[in-house]
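Subject: Structure for you to look at, with notes

Dear colleague,

I am passing on the structure we spoke about, and below it you will find notes on what came out of going through it. Please keep it open beside the text as you read.

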Amino acid sequence: MPPLKLRFNFSGFPHCCYCCSTPKIPSFTSFQSEANIKSTMDRLTSAARLMIVSDLDYTMVDHHDPENLSLLRFNALWEANYRENSLLVFSTGRSPTLYKELRKEKPMLTPDITIMSVGTEITYGNSMLPDDGWEAFLNDKWDRKIVTEETKKFPELTLQSETEQRPHKVSFNVQKDKAQDIMKTLSKRLEERGLDVKIIYSGGMALDILPQGGGKGQALAYLLKKLKSEGKLPNNTLACGDSGNDAELFSIPDVYGVMVSNAQEELLQWHAANAKDNPKVIHATERCAAGIIQAIGHFNLGPSTSPRDVTDMSDCKMENFVPAYEIVKFYLFFEKWRRGEIENSDLYLSNLKAVCKPSGTFVHPSGVEKSLEECVNTLKKCHGDKKGKQYRIWVDQVLPTQVGSDSWLVSFKKWELCGEERQCCITTVLLSSKNVTVADGLTWTHVHQTWLQGVESASDSTTWFF
């Protein structure tokens with residue numbers, strides 16, 4: 001990577017500067033909790049620029065990718081370009097219990113909306129508030145007791161774990177060669193008992209029984225209707241999946257769709273029979289999250305080059321200041337620096353100092369306060385200290401608030417992963433664009449961090465930087 005020129009253009013994006021007269025800014029501590037990170041639809045005053053609705057296992061998350069590179073590439077793209085004015089929706093067959101387990105295992109972003117249990121549960125925001133209206137809708141012609149009684153008559157059906165049995169979902173495993181006959185017979189018996197159900201087979205083994213009104217497609221249709229009633233129907237929606245329980249997503253009118261390259265046989269068969277002539281649904285040539293990025297580009301839904309794919313940081317050309325991109329690019333630089341993937345050059349550090357306000361401060365999560373210049377100086381000794389290790393950094397829920405004509409307060413969660421250990425802090429950064437150009441980049445004037453509650457934290461201030 002060639003040395004950076006002039007000011008440290010790690011983000012290649014807007015640089016904000018501190019005004020002469022200090023703007024009236026809320027105290028940093030008021031932003032230092034996850035509850036205060038704006039979430040869900042209420043943070044959008046108008047229609048979302050893009051809504052991505054993605055399955056998780058083997059769609060957003062590639063369990064065959066130990067480095068999670070495709071997921072991390074998507075994370076950087078989303079936080080740099082979309083988080084502020086778009087909606088991220090995870091639509092998974094997992095129950096809330098297994099969904100939360102996956103979040104602990106993988107470097108996943110926090111979605112605005114979570115659809116779980118094969119479209120039978122919808123929740124909003126960090127606190128995962130349930131949608132009571134959706135639950136009431138699903139009660140029509142649904143009786144879980146009757147479903148349990150009838151399924152006991154099929155010895156071929158093996159109940160999945162207790163965590164996967166939900167109020168509007170009963171889940172089994174069944175051998176692939178027996179699935180179709182059982183589905184046909186069981187559907188008839190449940191209908192005879194007055195129920196209106198939907199039986200979904202996916203992944204070559206999982207059989208889920210839901211109310212007829214349930215499912216991933218119906219949940220998406222419900223969300224779109226709800227958003228439209230609020231005057232916030234997304235400009236574009238992209239549905240992403242890999243298995244049979246994702247097929248419904250591609251049947252919703254005016255929704256773009258991508259089947260990732262590793263899509264399973266049952267989804268490909270459904271596509272051939274039902275949507276092969278639909279230009280809005282494509283079969284990507286890339287796996288999992290990389291296929292989602294490919295679809296964003298294919299349908300021209302917005303930027304589709306992840307900051308993780310930019311090898312020369314000086315190549316980024318921006319027309320306006322973009323604080324979120326600034327944050328993403330800085331922490332990508334920091335990751336590469338500690339992994340030893342860029343040269344240990346004093347030029348990098350001097351350029352980094354150039355974008356830090358001389359009197360700027362950094363408040364460590366432990367409460368220790370340092371100057372930003374001192375923090376930059378400490379980077380010299382940590383160059384390459386994570387080389388050869390599974391060390392990654394990602395940022396989540398990067399949300400800028402303009403607090404002056406040339407200043408932004410940006411809140412986000414900063415995560416570090418090293419091997420099996422992960423740490424996270426709520427971070428607030430004050431950026432300024434005073435006396436600099438877009439090409440220069442924003443000036444960092446203050447950084448304040450606190451540990452995220454419930455996540456393991458570093459024991460002292462010498463092992464956690466920025």
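One definition first, since a later step rests on it: the expected span of a helix is 1.5 Å times one less than its number of residues. Please also bear in mind throughout that this is a predicted model.

**The helix α9**

With that definition, the 17 residues of α9 should span 24 Å at 1.5 Å a residue, and because the C-alpha atoms at its ends are 25 Å apart, the two values agree. All of this helix is covered: 17 of its 17 residues are buried, so α9 is largely enclosed by the rest of the structure. After α9 comes Gly-340, which has a positive phi, near 75 degrees.

**How α9 meets α1**

In general, two packed helices are described by the angle between their axes and the distance between those axes. For α1 and α9 the angle is about 150 degrees, and the axes are 7 Å apart. On the α1 side the contact is made by Ala-76, Glu-79, Ala-80 and Asn-81, and on the α9 side by Ala-324, Tyr-325, Val-328 and Leu-332. Sorted by character, the residues of this contact are 6 nonpolar, 1 polar and 1 charged.

**The cavities**

The structure holds 2 cavities of 30 Å³ or more, and the largest of them has a volume of about 80 Å³. Which elements supply at least two residues each to the lining of the largest cavity? They are α1 (69–81), α9 (323–339) and β15 (391–404), and the largest share, 4 residues, comes from α1. The lining as a whole consists of Leu-72, Asn-75, Ala-76, Glu-79, Arg-308, Val-328, Tyr-331, Leu-332, Ile-393, Trp-394 and Val-395, which divide into 8 nonpolar, 1 polar and 2 charged residues. Ala-76, Glu-79, Val-328 and Leu-332 belong to this lining and also take part in the contact between α1 and α9.

**Around Val-410**

Val-410 sits in strand β16, which covers residues 407–418. Is Val-410 buried or exposed? Its relative accessible area is 0%, and because buried means under 20%, Val-410 counts as buried. Leaving aside residues up to four places away in sequence, Val-410 touches Pro-323, Ile-327, Val-398, Leu-399, Pro-400, Thr-427, Thr-428, Val-429 and Leu-431. As for Pro-400, it lies 10 residues from Val-410 in sequence, while the C-alpha atoms of the two are 4.1 Å apart in space.

**The helix α8 and Asp-65**

In helix α8 (residues 288–298), 8 of the 11 residues are buried, so this helix too is largely enclosed by the rest of the structure. The buried residues are Cys-288, Ala-289, Ala-290, Gly-291, Ile-292, Ile-293, Ala-295 and Ile-296, and what covers them includes β1, α1, β10, β11 and β12 (281–283). Just after α8, Asn-300 takes a positive phi of about 55 degrees.

Asp-65 is found in the loop between β1 (51–54) and α1. With a relative accessible area of 15%, Asp-65 is buried, and it touches Ser-70 and Lys-106, not counting residues up to four places away in sequence. Although Asp-65 and Arg-287 are 222 residues apart along the chain, their C-alpha atoms are separated by 9.9 Å.

**Two further residues with positive phi**

Most residues other than glycine have a negative phi, which is the reason for listing two more exceptions here. Phi of Asp-254 is near 65 degrees, and this residue lies in the loop between β10 (237–241) and β11 (256–259), where it is exposed, with a relative accessible area of 65%. Phi of Gln-397 is near 55 degrees and likewise positive, but Gln-397 lies in strand β15 and, at 2% relative accessibility, counts as buried.

**The chain as a whole**

The protein chain has 11 helices and 18 strands, and of its 466 residues 58% count as buried. Among contacts between residues at least 6 apart in sequence, 70% join residues at least 24 apart.

With best regards

Notes
Residues are numbered from 1 along each chain as its sequence is written. This is a predicted model: local features need pLDDT of at least 70, side-chain atom pairs count only at pLDDT 80 or more; totals for chains, interfaces and linings use all residues. Side-chain values use heavy atoms; hydrogens and water are left out. On a 1 Å grid over the protein atoms alone, a cavity is a set of points where a 1.4 Å probe fits but cannot get out, and a pocket is an open set with protein on both sides within 12 Å along at least five of seven lines; lining residues have an atom within 4 Å of a point. Grid points are joined across faces, edges and corners, and a volume is the space filled by probe spheres set on the points. Ala, Val, Leu, Ile, Met, Phe, Trp, Tyr, Cys and Pro count as nonpolar, Asp, Glu, Lys and Arg as charged, and the others, Gly among them, as polar. Axes are lines fitted to C-alpha atoms, for helices over the stretch in contact, and angles run from 0 to 180 degrees between N-to-C directions. Contact means heavy atoms within 4.5 Å. Buried means under 20% relative accessible area, exposed over 50%, partly exposed in between (1.4 Å probe, protein chains only).
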